[in-house]
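Hi,

Here is the structure I promised to send over. Have a look at it first, and my notes on what turned up follow below.

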Amino acid sequence: MSRVLRASAIMAAGTMVSRVTGFVKAAVLVAALGSAHMGDAYTVANAIPFILFDFLIGGILSSVVVPSIVRRQKSDPDGGRSYEQRLLTIGTVALVLLTAAAVLLARPLIGLYTDDDWSARQTEVAVMLARYVLPQIAFVGVGALAGAILNTRDRFAAPMWAPVLNNVVMIGVLVLYLVTAGRSGADVEAVSDADLTLLGLGTTAGIVAQCLVLMVSLHRAGFRFRPRFGLRGVGLGEMGRTAGWGIVYVLITQVGFWVTTMIASGAGGEVEGAGNTAYAQAFQLFQLPYGIIAVSVITAMLPRMSRSAAEGDLGTVRDEFASAVRLVAVLLVPAGLLLMVLGPAVTVLIYSWGNNTLDNAVYIGNVLQVFGLALMPFSLFQLLLRVFYAFGDTRTPVFIGAGNTAVSIGLSLLSAAVLPPRYIVMGLACALTAAYATGTVVAWVLASRRTRGLNGRVVASGLSRMYTAALPGTLAALGVLWLTRELADLTPLSAAVMLVAGGGAGLALYLVVAHRMRIPEVSSIVGMVTGRGRR
């Protein structure tokens with residue numbers, strides 16, 4: 001038990017530090033590059049290595065490799081060591097070949113994700129950066145394989161903490177870039193090739209450091225790498241069959257990402273600060289409450305639901321799902337509403353430094369406000385997918401995801417056609433919100449058929465009461481926002497006041513009202529806090 005608790009504490013600490021340093025990195029990135037043309041060029045270039053990795057390898061890695069290693073560790077006479085060595089050898093060779101091809105095709109790859117509205121210089125900067133950052137594919141892949149082998153040995157610390165080193169390296173590189181490049185570092189027309197070399201190689205250096213930490217940890221865990229070539233015994237056919245639906249799902253999501261990136265690229269080409277960087281940074285902030293609150297609940301929920309589903313105990317599956325929804329919603333409901341009110345205050349505090357302008361920081365906040373609408377539908381959708389996974393059904397989520405992507409693409413194209421360029425990225429956020437709202441309805445109907453109901457009345461009653469309890473706090477935050485704007489201009493200092501006073505008052509009022517309304521989950525939180533206070 002103590003070993004499990006210790007591992008959990010290490011992972012939790014690593015996750016939190018990784019998220020904190022990740023947001024420091026994001027803030028320094030926008031300060032150094034701005035959120036206009038230079039920031040957009042970097043955002044697109046740095047996304048492509050991860051797109052290619054997810055598309056060609058990531059789907060197989062996440063759904064097949066770990067179970068395959070575990071089976072070989074149990075069945076092979078050598079405990080699966082030769083299989084691991086062969087897997088790492090073949091994987092490394094494939095990744096190096098993929099990386100070499102990607103670097104050679106950097107220009108057409110950039111062309112796939114950019115728009116004609118980009119200037120020739122902005123496109124050239126993106127291509128140059130892509131050639132420096134595309135080698136990340138090999139290091140991300142080797143690091144992922146090493147992390148998978150470590151996980152099968154119950155070594156979780158390094159995979160959780162290695163991204164922190166990447167973030168620290170990147171923060172250092174970006175600070176150096178900001179100091180050496182100065183204002184020209186955010187001007188795509190004026191930035192020098194030397195500065196681009198620093199930025200590109202520095203970005204890759206962070207991933208290299210992350211990979212090296214994982215390889216050292218793997219060596220300390222007793223793994224000794226010996227090159228083993230030959231595809232026999234790797235089980236590629238089995239991997240392909242098992243990962244088939246996962247690969248299809250990745251393909252579908254990447255099509256949606258491609259459309260979003262293309263449309264955002266075009267908008268950013270017409271209006272500075274209203275393109276890829278604004279969308280990417282707002283989406284990252286939107287994911288934070290989900291990552292902190294919902295992921296932990298989902299992680300705990302899935303094994304219990306899977307056991308109940310295997311035993312045919314549908315009543316327990318329904319109860320587990322309803323409980324998970326209420327646990328997630330108890331904090332995400334007020335978080336989503338407060339993001340809709342205080343989004344610009346959040347982004348001004350984080351992104352209005354260095355080479356980024358106040359107006360561009362506010363624009364990121366406007367996009368974040370729209371994403372606030374999507375927080376609960378997105379989280380509920382993820383919870384519903386786990387119902388299918390609990391029954392071992394990986395096919396239905398693919399079809400639901402395809403429908404989601406189709407709705408998002410259709411509405412995104414409509415936004416690009418009818419909205420002024422400045423509002424197109426906000427339209428993309430609206431499209432995502434509508435897609436997840438629609439997908440949630442479809443997933444609910446299908447999951448409910450599988451489980452013969454999902455305690456819909458219980459879930460609806462809980463959510464409606466939470467939204468009712470959150471309204472007074474939201475209005476209080478809105479009042480603080482209005483009063484602060486009446487008394488002072490929007491600056492990082494006034495934004496901090498809005499967040500501390502408005503966000504604090506809004507959350508406190510929500511807890512008080514919800515406690516008075518006897519919402520069980522909130523009452524438990526209040527009771528836990530007051531109990532510790534008495535001690």
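D393 counts as buried, because its relative accessibility is 11% and the cut-off for buried is under 20%. Keep in mind that this is a predicted model. The partner of D393 is R450, and their salt bridge has its closest N and O atoms 3.0 Å apart. R450 itself is partly exposed, at 34% relative accessibility. The two sit 57 residues apart in sequence: D393 is in the loop between α13 (358-390) and α14 (395-418), while R450 belongs to helix α15 (residues 421-451).

How many salt bridges are there? The count comes to two. The other pair to look up is R107 with E124, at 3.1 Å from N to O. That one ties helix α4 (residues 106-112) to helix α5 (residues 120-133), across 17 residues of sequence. Both ends are partly exposed, R107 with a relative accessible area of 40% and E124 with 30%.

On to the inside. There is one cavity of 30 Å³ or more, with a volume of about 30 Å³. Its lining includes P334, L338, A470 and Y510, and α12 (314-351), α16 (456-487) and α17 (492-516) each give two or more residues to it. By class, the lining has five nonpolar and three polar residues, with no charged ones.

As for the whole chain, you'll find 18 helices and zero strands. Half of it is out of sight, if you like: 50% of the 535 residues count as buried. Of the contacts between residues at least 6 apart in sequence, 84% join residues at least 24 apart.

Cheers

Note on methods:
Residues are numbered from 1 along each chain as its sequence is written. This is a predicted model: local features need pLDDT of at least 70, side-chain atom pairs count only at pLDDT 80 or more; totals for chains, interfaces and linings use all residues. Side-chain values use heavy atoms; hydrogens and water are left out. Helices (H or I, at least four residues) and strands (E, at least two) are DSSP runs, numbered from the N terminus. Buried means under 20% relative accessible area, exposed over 50%, partly exposed in between (1.4 Å probe, protein chains only). Contact means heavy atoms within 4.5 Å. On a 1 Å grid over the protein atoms alone, a cavity is a set of points where a 1.4 Å probe fits but cannot get out, and a pocket is an open set with protein on both sides within 12 Å along at least five of seven lines; lining residues have an atom within 4 Å of a point. Grid points are joined across faces, edges and corners, and a volume is the space filled by probe spheres set on the points. Ala, Val, Leu, Ile, Met, Phe, Trp, Tyr, Cys and Pro count as nonpolar, Asp, Glu, Lys and Arg as charged, and the others, Gly among them, as polar. A salt bridge is a side-chain nitrogen of Lys or Arg within 4 Å of a carboxyl oxygen of Asp or Glu.
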